[in-house]
Amino acid sequence: MENYLKKLIGFRHKLHRHPELSGNEKATASAILHYLADTTPAEKYTQIGGYGIVLVFDSGNPGPVTLIRSDMDALPIDEPPLVPYHSLQAGISHKCGHDGHTAILAGLAERLTQAPLKKGKAILVFQPAEETGTGAQAMLQGNFPAHLSPDIVFAFHNIPGKEKHRIILRDGFFASASRGIVIHLSGKTAHAAEPEKGINPAFAIAEMIPALSQLPEKMKSQGYAAKITLIHLKVGEIAFGTSPGEGVLMATLRTRSDEAMTQLCTATEMLVKAIAAKHLLTLSINYTEIFPATTSHPQANSKVEKAAKSLSLPIEKNNDTFDWSEDFGHFTKRWPGCMFGIGAGTEQANLHNNTYDFPDEIIPTAIALFEKLIKNSG
Ligand SMILES: [Zn+2]
Ligand SMILES: [Zn+2]
């Protein structure tokens, strides 16, 4: 066990040294396949929805079919050289712990080779492009093997700020629905000496910012939790002789259900349309990086709870402290299942912070838990 774990942690550090952005996980995928060369899945699929990999471990006997998914992409964040295995790719690093999630799934594949299933099947899914919200959909609506139909699906995310090994469960809503909104405004350029002859979108944008910031309060009064985070704005070019004619405003919309997202989009569109019209601007709205809400089914949560109890892991239910998004929602929309959290340490930096690093100590915890879930399901 000791050697096996040492090798697995070495593999996590290797992934950490060579991070790849969403949709570009080519070397990561080949590192996984190379690492798992000695494992014995009954079926193996590569290039699923991009660089995704699907392994099927089959007992040959009837029984539950359990799917476990991990993500594998890194982020456009520069990592300071704080650990000996720091990122060798300038401007890219594993700051969400997907290197750890991948190592855990690889470790699970090794366990299922050493101690094969006695009944049913396990489907292990290495998913690309989670951070952009495109990978799960690309796999499931793309070339994911159609004959694979799990009874239940599981995934976890490490959660900084929570004691290591603590299992975090939420019935229903687990991770937010979110999407980027890109608001383009077109007016008319003019000489900076004659701004009254143009239509400068700066004034409309200045009006939109406080109006958008107040929308979540209004949504709250209708019973919906919502957040709007302004992330980018640009008006014209740096040209002191020109009154600008083009502007763009971008924001991230976040809610706790897909229904609330529909409401928030409608409210946002009505608001910006009214302001654009008032300023005689042409408006176009696009959405990007669309994540559905990730919903956890109570019966899947109770399986995790049972498995966690049998491993004497601390359990925390229905906490309300994080609000990020996850594209695992595409899986829980199609099949019953749940996403849960595993504490990454109370002293750990937050996800996407440049000093964050996945805690290796929780690797064996997660593997043991997933192994229990697969072997006890049904
Ligand atoms: Zn992330
Ligand atoms: Zn993540």
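## Notebook: helix H6, two zinc ions, some salt bridges

I started with helix H6, where Ala260, Met261, Leu264, Cys265, Thr268, Leu271, Val272, Ile275 and Ala276 come out as buried. These residues span an arc of only 140° around the axis, so they sit on the same side of H6. That fits the usual rule: an α-helix has 3.6 residues a turn, so residues three or four places apart point the same way. Note to self: this is a predicted model.

**More on H6**

I looked up the length next. H6 runs over residues 258-278, which is 21 residues, and it reaches 30 Å from its first C-alpha to its last, close to the 30 Å expected at 1.5 Å a residue.

What do the buried residues of H6 pack against? I found two kinds of partner. Helix H5 (202-221) is one of them, and the strands are S8 (177-186), S10 (226-235), S12 (246-255) and S13 (282-291).

Then I checked the face turned away from the buried side, and there I got the exposed residues Thr262, Met270, Ala277 and Lys278. Just after the helix comes Leu280, and I noted that its phi is positive, near 60°.

**Zinc ion, ligand 1**

Which protein atoms are the donors of the zinc ion (ligand 1)? I listed Cys96 through SG, Glu131 through OE, which appears twice, and His352 through NE2, with distances of 2.0 to 2.6 Å. Along the sequence the donor residues are spaced C-x34-E-x220-H. Cys96 is in the loop between strand S3 (65-71) and helix H3 (98-114), while His352 is in the loop between strand S16 (337-343) and helix H9 (362-376), so this pair ties together parts that are 256 residues apart in sequence.

Why is the arrangement around the zinc ion (ligand 1) irregular? I looked at the angles: the four donor atoms subtend 55 to 150°. Tetrahedral would need all angles between 85 and 135 degrees, so I wrote the site down as irregular.

Burial differs along this donor set. Cys96 is buried at 6% relative accessible area, whereas His352 counts as partly exposed at 37%.

**Zinc ion, ligand 2**

I moved on to the second ion. The zinc ion (ligand 2) is coordinated by Cys96 (SG), His98 (NE2) and His157 (NE2), at 2.1 to 2.3 Å. Its donors follow the spacing C-x1-H-x58-H along the chain. His98 is in helix H3 and His157 in strand S5 (residues 152-159), a pair that links distant parts of the chain, 59 residues apart.

Are these two histidines, His98 and His157, buried or exposed? I read off 0% relative accessible area for His98, which makes it buried, and 2% for His157, which is buried too.

Which residue bridges the two zinc ions? Cys96 does, and the ions lie 3.2 Å apart. I marked Cys96 as a donor on both lists.

**Salt bridges**

How many salt bridges does a search of the whole structure find? I got 20, and I followed up a few.

Lys95 and Glu79 meet through their side chains at 2.6 Å, N to O. Lys95 and Glu79 are each in the loop between S3 and H3, 16 residues apart. Both of them are buried.

Asp258, which took me back to H6, pairs with Lys333 at 3.6 Å, N to O. Asp258 lies in helix H6 and Lys333 in helix H8 (residues 329-334), so the bridge ties together parts that are 75 residues apart in sequence. I have Asp258 as partly exposed at 30% relative accessibility and Lys333 as exposed at 57%.

Glu305 and Lys309 form another salt bridge, with the closest N and O atoms 3.4 Å apart. Both lie in helix H7 (residues 298-310), four residues apart, about one turn of the helix. Where do the two partners stand on accessibility? Glu305 counts as buried at 16%, but Lys309 is exposed at 54%.

Last entry: Arg12, Asp99, Asp357 and Asp360 are joined into one network by salt bridges that share partners.

How values were computed. Residues numbered from 1 in each chain as written. Chains lettered and ligands numbered in written order. Predicted model: local features only at pLDDT ≥ 70, side-chain atom pairs only at ≥ 80, totals over all residues. Heavy atoms only, no water. Donors = N, O, S within 2.8 Å, 3.2 Å for Na, K, Ca; no water. Tetrahedral: all angles 85-135°; square planar, octahedral: opposite > 155°, others 65-115°. Helix = DSSP H or I, 4+ residues; strand = E, 2+ residues; numbered from the N terminus. Buried < 20%, exposed > 50% of the residue type's maximum accessible area, 1.4 Å probe, protein only. Expected span 1.5 Å × (residues − 1). Arc of directions from axis to C-beta. Contact = heavy atoms within 4.5 Å. Salt bridge = Lys/Arg side-chain N within 4 Å of Asp/Glu carboxyl O.
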